[in-house]
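Visitor: Please show me the model. I would like to go through the ligand site and a pocket.

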Amino acid sequence: MHVTLRQLNVFHAVARHRSFTRAAEELHLSQPAVSMQVKQLEENVGLPLFEHLGKKIYLTEAGTEIFRCSRAVAQQLAETEQTIAELRGVERGQLAVAVASTVNYFAPRLLAGFSQRYPGVHISLSVTNREGLLKNLEGNESDVVLMGQPPAEHELVAEPFMLNPLVVISPPDHPLTRARRIPLARLQQETFLLREPGSGTRVAMERFFSERGISIYTGMEMNTNEAIKQGVEAGLGLGIVSLHTVGLELEMKRLAVLNVEDFPIERQWYVVHRQGKRLSRVAQVFKDYVLNEATALHGDIRSPRP
Ligand code: PGA
(Lines give C-alpha, C1' and ligand atoms only; values in the text may rest on other atoms or scores of the structure.)
Protein backbone atom coordinates (compact mmCIF):
# COMPACT_ATOMS: atom_id res chain seq x y z
CA MET A 1 0.00 0.00 0.00
CA HIS A 2 1.46 3.34 -1.02
CA VAL A 3 -0.52 5.39 1.47
CA THR A 4 0.66 8.92 2.15
CA LEU A 5 0.41 10.77 5.42
CA ARG A 6 -1.59 13.44 3.63
CA GLN A 7 -4.18 10.91 2.44
CA LEU A 8 -4.49 9.41 5.90
CA ASN A 9 -4.86 12.83 7.45
CA VAL A 10 -7.67 13.87 5.09
CA PHE A 11 -9.40 10.50 5.40
CA HIS A 12 -9.18 10.78 9.20
CA ALA A 13 -11.00 14.12 9.17
CA VAL A 14 -13.76 12.78 6.87
CA ALA A 15 -14.15 9.64 8.97
CA ARG A 16 -14.33 11.61 12.23
CA HIS A 17 -16.96 14.05 10.90
CA ARG A 18 -18.70 11.49 8.66
CA SER A 19 -18.80 14.42 6.25
CA PHE A 20 -16.67 15.61 3.32
CA THR A 21 -17.92 19.18 3.78
CA ARG A 22 -17.00 19.42 7.46
CA ALA A 23 -13.61 17.79 6.83
CA ALA A 24 -12.91 20.32 4.05
CA GLU A 25 -13.78 23.15 6.45
CA GLU A 26 -11.53 21.81 9.21
CA LEU A 27 -8.59 21.31 6.85
CA HIS A 28 -9.17 24.57 4.95
CA LEU A 29 -9.42 22.67 1.68
CA SER A 30 -11.97 22.64 -1.11
CA GLN A 31 -14.39 19.73 -1.11
CA PRO A 32 -13.10 18.36 -4.45
CA ALA A 33 -9.58 18.36 -2.99
CA VAL A 34 -10.80 16.28 -0.04
CA SER A 35 -12.68 13.88 -2.35
CA MET A 36 -9.57 13.55 -4.50
CA GLN A 37 -7.36 12.55 -1.54
CA VAL A 38 -9.93 9.99 -0.35
CA LYS A 39 -10.31 8.61 -3.86
CA GLN A 40 -6.54 8.19 -4.18
CA LEU A 41 -6.42 6.47 -0.84
CA GLU A 42 -9.20 4.08 -1.92
CA GLU A 43 -7.23 3.33 -5.08
CA ASN A 44 -4.12 2.62 -3.05
CA VAL A 45 -6.00 0.39 -0.65
CA GLY A 46 -7.91 -1.28 -3.47
CA LEU A 47 -11.29 -1.14 -1.69
CA PRO A 48 -13.96 1.51 -1.07
CA LEU A 49 -13.64 3.13 2.37
CA PHE A 50 -17.01 4.90 2.57
CA GLU A 51 -20.56 3.89 1.71
CA HIS A 52 -22.97 6.63 0.68
CA LEU A 53 -26.54 5.94 1.82
CA GLY A 54 -28.81 8.86 1.03
CA LYS A 55 -27.11 11.96 2.39
CA LYS A 56 -25.15 10.04 5.01
CA ILE A 57 -21.79 8.34 4.70
CA TYR A 58 -20.65 5.25 6.57
CA LEU A 59 -17.30 3.52 6.95
CA THR A 60 -16.95 0.20 5.13
CA GLU A 61 -15.09 -2.66 6.82
CA ALA A 62 -11.89 -1.59 5.08
CA GLY A 63 -12.68 2.02 6.06
CA THR A 64 -12.97 0.96 9.71
CA GLU A 65 -9.53 -0.68 9.51
CA ILE A 66 -7.97 2.39 7.92
CA PHE A 67 -9.68 4.59 10.52
CA ARG A 68 -8.05 2.55 13.30
CA CYS A 69 -4.70 3.09 11.61
CA SER A 70 -5.21 6.83 10.97
CA ARG A 71 -6.25 7.33 14.61
CA ALA A 72 -3.08 5.58 15.84
CA VAL A 73 -0.92 7.65 13.49
CA ALA A 74 -2.60 10.90 14.59
CA GLN A 75 -2.09 9.96 18.23
CA GLN A 76 1.54 9.05 17.69
CA LEU A 77 2.19 12.31 15.85
CA ALA A 78 0.57 14.33 18.65
CA GLU A 79 2.73 12.57 21.25
CA THR A 80 5.87 13.13 19.20
CA GLU A 81 4.97 16.79 18.83
CA GLN A 82 4.66 17.02 22.60
CA THR A 83 8.06 15.38 23.15
CA ILE A 84 9.69 17.67 20.61
CA ALA A 85 8.16 20.71 22.31
CA GLU A 86 9.60 19.51 25.62
CA LEU A 87 12.99 18.99 24.04
CA ARG A 88 12.83 22.53 22.73
CA GLY A 89 12.34 23.53 26.36
CA VAL A 90 15.65 21.80 27.07
CA GLU A 91 17.30 23.97 24.49
CA ARG A 92 17.52 26.96 26.76
CA GLY A 93 17.60 25.46 30.25
CA GLN A 94 19.98 25.89 33.18
CA LEU A 95 21.66 22.90 34.79
CA ALA A 96 23.66 22.88 38.02
CA VAL A 97 25.74 19.73 38.39
CA ALA A 98 28.00 18.93 41.34
CA VAL A 99 30.52 16.11 41.13
CA ALA A 100 33.04 14.39 43.39
CA SER A 101 36.60 15.51 42.76
CA THR A 102 37.28 11.97 41.56
CA VAL A 103 34.34 12.09 39.13
CA ASN A 104 35.82 15.21 37.64
CA TYR A 105 38.31 13.04 35.77
CA PHE A 106 35.55 11.98 33.39
CA ALA A 107 32.75 14.50 34.07
CA PRO A 108 33.96 16.99 31.45
CA ARG A 109 33.74 14.32 28.73
CA LEU A 110 30.26 13.40 29.92
CA LEU A 111 29.18 17.04 29.93
CA ALA A 112 30.72 17.62 26.51
CA GLY A 113 28.52 14.86 25.04
CA PHE A 114 25.44 16.35 26.68
CA SER A 115 26.35 19.85 25.59
CA GLN A 116 26.77 18.74 22.01
CA ARG A 117 23.27 17.32 22.06
CA TYR A 118 21.70 20.29 23.87
CA PRO A 119 23.93 23.22 22.99
CA GLY A 120 21.58 25.85 24.46
CA VAL A 121 21.73 24.45 28.01
CA HIS A 122 23.86 26.52 30.34
CA ILE A 123 25.73 24.17 32.67
CA SER A 124 27.47 25.09 35.89
CA LEU A 125 29.81 22.47 37.34
CA SER A 126 30.92 22.39 40.95
CA VAL A 127 33.66 20.02 42.10
CA THR A 128 34.18 18.98 45.71
CA ASN A 129 34.70 15.90 47.87
CA ARG A 130 32.06 13.55 49.24
CA GLU A 131 31.39 15.55 52.39
CA GLY A 132 30.96 18.72 50.35
CA LEU A 133 28.49 16.94 48.08
CA LEU A 134 26.38 15.70 50.99
CA LYS A 135 26.19 19.28 52.28
CA ASN A 136 25.32 20.43 48.78
CA LEU A 137 22.44 17.91 48.66
CA GLU A 138 21.25 18.94 52.12
CA GLY A 139 21.16 22.57 51.00
CA ASN A 140 19.49 21.63 47.72
CA GLU A 141 22.17 23.59 45.88
CA SER A 142 22.44 21.53 42.68
CA ASP A 143 20.04 19.80 40.31
CA VAL A 144 22.01 16.58 40.09
CA VAL A 145 25.06 15.21 41.91
CA LEU A 146 27.48 12.53 40.67
CA MET A 147 29.22 10.78 43.56
CA GLY A 148 29.96 7.49 45.36
CA GLN A 149 27.09 5.69 47.10
CA PRO A 150 25.52 8.13 49.58
CA PRO A 151 24.67 7.04 53.14
CA ALA A 152 21.23 5.40 53.42
CA GLU A 153 20.03 7.67 56.23
CA HIS A 154 20.01 10.75 54.00
CA GLU A 155 16.72 10.99 52.12
CA LEU A 156 18.14 10.71 48.64
CA VAL A 157 17.43 9.01 45.34
CA ALA A 158 20.66 7.38 44.14
CA GLU A 159 21.03 5.30 40.98
CA PRO A 160 24.30 3.64 39.94
CA PHE A 161 25.62 4.42 36.48
CA MET A 162 29.25 3.34 36.31
CA LEU A 163 31.84 1.15 38.04
CA ASN A 164 34.50 2.83 40.14
CA PRO A 165 37.39 0.47 40.95
CA LEU A 166 39.88 1.68 43.57
CA VAL A 167 43.43 0.46 43.04
CA VAL A 168 46.77 0.59 44.85
CA ILE A 169 49.28 2.74 42.98
CA SER A 170 53.06 2.87 43.28
CA PRO A 171 56.00 4.37 41.41
CA PRO A 172 56.81 2.23 38.35
CA ASP A 173 60.15 1.08 39.83
CA HIS A 174 58.69 -0.14 43.15
CA PRO A 175 59.77 -3.76 43.92
CA LEU A 176 56.12 -4.81 44.46
CA THR A 177 55.26 -4.05 40.81
CA ARG A 178 56.82 -7.43 39.93
CA ALA A 179 54.81 -9.36 42.52
CA ARG A 180 51.54 -11.18 41.79
CA ARG A 181 48.66 -11.44 44.28
CA ILE A 182 50.44 -9.46 46.98
CA PRO A 183 48.93 -10.50 50.35
CA LEU A 184 47.08 -7.69 52.11
CA ALA A 185 49.28 -8.12 55.18
CA ARG A 186 52.33 -7.22 53.06
CA LEU A 187 50.90 -3.71 52.70
CA GLN A 188 51.48 -3.19 56.43
CA GLN A 189 55.18 -2.73 55.62
CA GLU A 190 54.41 0.23 53.33
CA THR A 191 53.50 3.86 53.94
CA PHE A 192 50.24 5.13 52.42
CA LEU A 193 49.40 8.65 51.41
CA LEU A 194 45.89 9.55 52.53
CA ARG A 195 43.14 11.71 51.07
CA GLU A 196 41.61 14.31 53.42
CA PRO A 197 38.81 13.45 55.89
CA GLY A 198 35.54 13.90 53.96
CA SER A 199 36.86 12.15 50.86
CA GLY A 200 34.79 9.20 49.65
CA THR A 201 37.93 7.44 48.46
CA ARG A 202 39.36 7.70 51.96
CA VAL A 203 36.17 6.39 53.62
CA ALA A 204 36.14 3.39 51.26
CA MET A 205 39.82 2.68 51.83
CA GLU A 206 39.51 2.85 55.64
CA ARG A 207 36.42 0.64 55.64
CA PHE A 208 38.13 -1.90 53.38
CA PHE A 209 41.17 -2.30 55.66
CA SER A 210 39.21 -2.23 58.92
CA GLU A 211 36.82 -4.95 57.68
CA ARG A 212 39.86 -7.13 57.03
CA GLY A 213 41.63 -6.34 60.28
CA ILE A 214 44.57 -4.70 58.48
CA SER A 215 46.12 -1.56 59.91
CA ILE A 216 48.26 0.33 57.46
CA TYR A 217 50.88 2.94 58.19
CA THR A 218 49.76 6.31 56.92
CA GLY A 219 52.04 9.14 55.91
CA MET A 220 51.09 12.52 54.52
CA GLU A 221 47.51 13.64 54.07
CA MET A 222 46.62 15.39 50.81
CA ASN A 223 43.35 16.87 49.67
CA THR A 224 43.39 16.10 45.95
CA ASN A 225 43.91 13.06 43.77
CA GLU A 226 46.52 15.04 41.87
CA ALA A 227 48.58 15.57 45.02
CA ILE A 228 48.33 11.87 45.91
CA LYS A 229 49.50 10.87 42.43
CA GLN A 230 52.41 13.32 42.48
CA GLY A 231 53.34 12.17 45.98
CA VAL A 232 53.34 8.52 44.95
CA GLU A 233 55.36 9.32 41.84
CA ALA A 234 57.87 11.17 44.01
CA GLY A 235 58.26 8.12 46.26
CA LEU A 236 56.47 9.49 49.35
CA GLY A 237 54.45 6.28 49.69
CA LEU A 238 51.76 4.19 48.04
CA GLY A 239 48.26 5.49 47.32
CA ILE A 240 44.75 4.19 46.83
CA VAL A 241 42.83 6.02 44.13
CA SER A 242 40.06 5.46 41.64
CA LEU A 243 41.34 3.91 38.44
CA HIS A 244 39.57 6.78 36.63
CA THR A 245 42.15 9.23 37.95
CA VAL A 246 45.32 7.53 36.66
CA GLY A 247 44.65 6.70 32.99
CA LEU A 248 47.28 9.08 31.71
CA GLU A 249 49.97 8.23 34.28
CA LEU A 250 49.57 4.50 33.59
CA GLU A 251 49.84 5.08 29.87
CA MET A 252 52.97 7.21 30.34
CA LYS A 253 54.34 4.64 32.83
CA ARG A 254 54.74 7.25 35.52
CA LEU A 255 52.71 5.14 37.95
CA ALA A 256 51.90 1.43 38.28
CA VAL A 257 48.88 -0.43 39.65
CA LEU A 258 49.88 -3.15 42.13
CA ASN A 259 48.35 -6.60 41.90
CA VAL A 260 47.06 -6.91 45.48
CA GLU A 261 44.78 -9.59 46.90
CA ASP A 262 41.11 -8.46 47.14
CA PHE A 263 41.77 -5.42 44.93
CA PRO A 264 40.35 -3.48 43.19
CA ILE A 265 37.84 -2.23 45.76
CA GLU A 266 34.66 -2.39 43.64
CA ARG A 267 32.63 0.77 44.03
CA GLN A 268 30.10 2.46 41.77
CA TRP A 269 29.29 5.99 40.77
CA TYR A 270 25.76 7.19 41.43
CA VAL A 271 23.58 9.92 40.03
CA VAL A 272 21.92 11.46 43.08
CA HIS A 273 19.28 14.03 44.06
CA ARG A 274 17.07 14.65 47.06
CA GLN A 275 14.02 12.50 47.51
CA GLY A 276 10.89 14.35 46.42
CA LYS A 277 12.90 16.94 44.49
CA ARG A 278 11.00 18.19 41.46
CA LEU A 279 13.61 17.83 38.76
CA SER A 280 13.45 20.43 36.03
CA ARG A 281 12.97 19.09 32.51
CA VAL A 282 16.66 19.73 31.77
CA ALA A 283 17.76 17.96 34.97
CA GLN A 284 15.55 14.96 34.14
CA VAL A 285 16.97 14.78 30.62
CA PHE A 286 20.51 15.04 32.01
CA LYS A 287 19.86 12.31 34.57
CA ASP A 288 18.50 9.98 31.87
CA TYR A 289 21.47 10.86 29.69
CA VAL A 290 23.91 9.87 32.46
CA LEU A 291 22.04 6.65 33.25
CA ASN A 292 21.57 5.55 29.66
CA GLU A 293 24.51 6.91 27.79
CA ALA A 294 27.46 7.24 30.13
CA THR A 295 28.33 3.67 29.25
CA ALA A 296 27.69 3.95 25.53
CA LEU A 297 29.53 7.23 25.12
CA HIS A 298 32.33 6.39 27.50
CA GLY A 299 32.52 2.61 27.46
CA ASP A 300 36.22 3.00 28.08
CA ILE A 301 35.65 4.58 31.47
CA ARG A 302 32.91 2.23 32.63
CA SER A 303 35.13 -0.74 33.18
CA PRO A 304 38.74 0.30 32.83
CA ARG A 305 41.24 -2.50 33.29
CA PRO A 306 44.21 -2.18 35.60
P1 PGA B 1 36.20 11.75 46.63
O2 PGA B 1 35.32 10.87 45.67
O3 PGA B 1 37.21 10.80 47.19
O4 PGA B 1 36.83 12.75 45.69
O5 PGA B 1 35.33 12.34 47.72
C6 PGA B 1 34.01 10.59 45.94
C7 PGA B 1 33.79 9.17 46.29
O8 PGA B 1 34.69 8.37 45.98
O9 PGA B 1 32.77 8.88 46.92
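Visitor: Which residues are around the ligand?
Guide: This is a predicted model, where local features need pLDDT of at least 70, side-chain atom pairs count only at pLDDT 80 or more, and totals for chains, interfaces and linings use all residues. Residues are numbered from 1 along each chain as its sequence is written, and side-chain values use heavy atoms, without hydrogens and water. A residue counts if one of its heavy atoms lies within 4 Å of the ligand. They are A100, S101, T102, N129, R130, G148, R195, S199, G200, T201, R267 and W269.

Visitor: Which helix and strand each supply at least two residues of that shell?
Guide: Helices (H or I, at least four residues) and strands (E, at least two) are DSSP runs, numbered from the N terminus. The two elements are α7 (200–211) and β11 (265–274).

Visitor: How far is a polar side-chain atom of T201 from an oxygen atom of the ligand?
Guide: A polar contact is a pair of N or O atoms within 3.5 Å. S199 has a side-chain N or O atom 2.8 Å from a ligand oxygen, and for R195 the distance is 3.1 Å. For T201 it is 2.6 Å.

Visitor: How many residues of the shell are nonpolar, polar and charged?
Guide: Ala, Val, Leu, Ile, Met, Phe, Trp, Tyr, Cys and Pro count as nonpolar, Asp, Glu, Lys and Arg as charged, and the others, Gly among them, as polar. The shell holds two nonpolar, seven polar and three charged.

Notes
A polar contact is a pair of N or O atoms within 3.5 Å; within protein, one must be able to donate a hydrogen and the other to accept it, and residues adjacent in sequence count only if both atoms are side-chain atoms.
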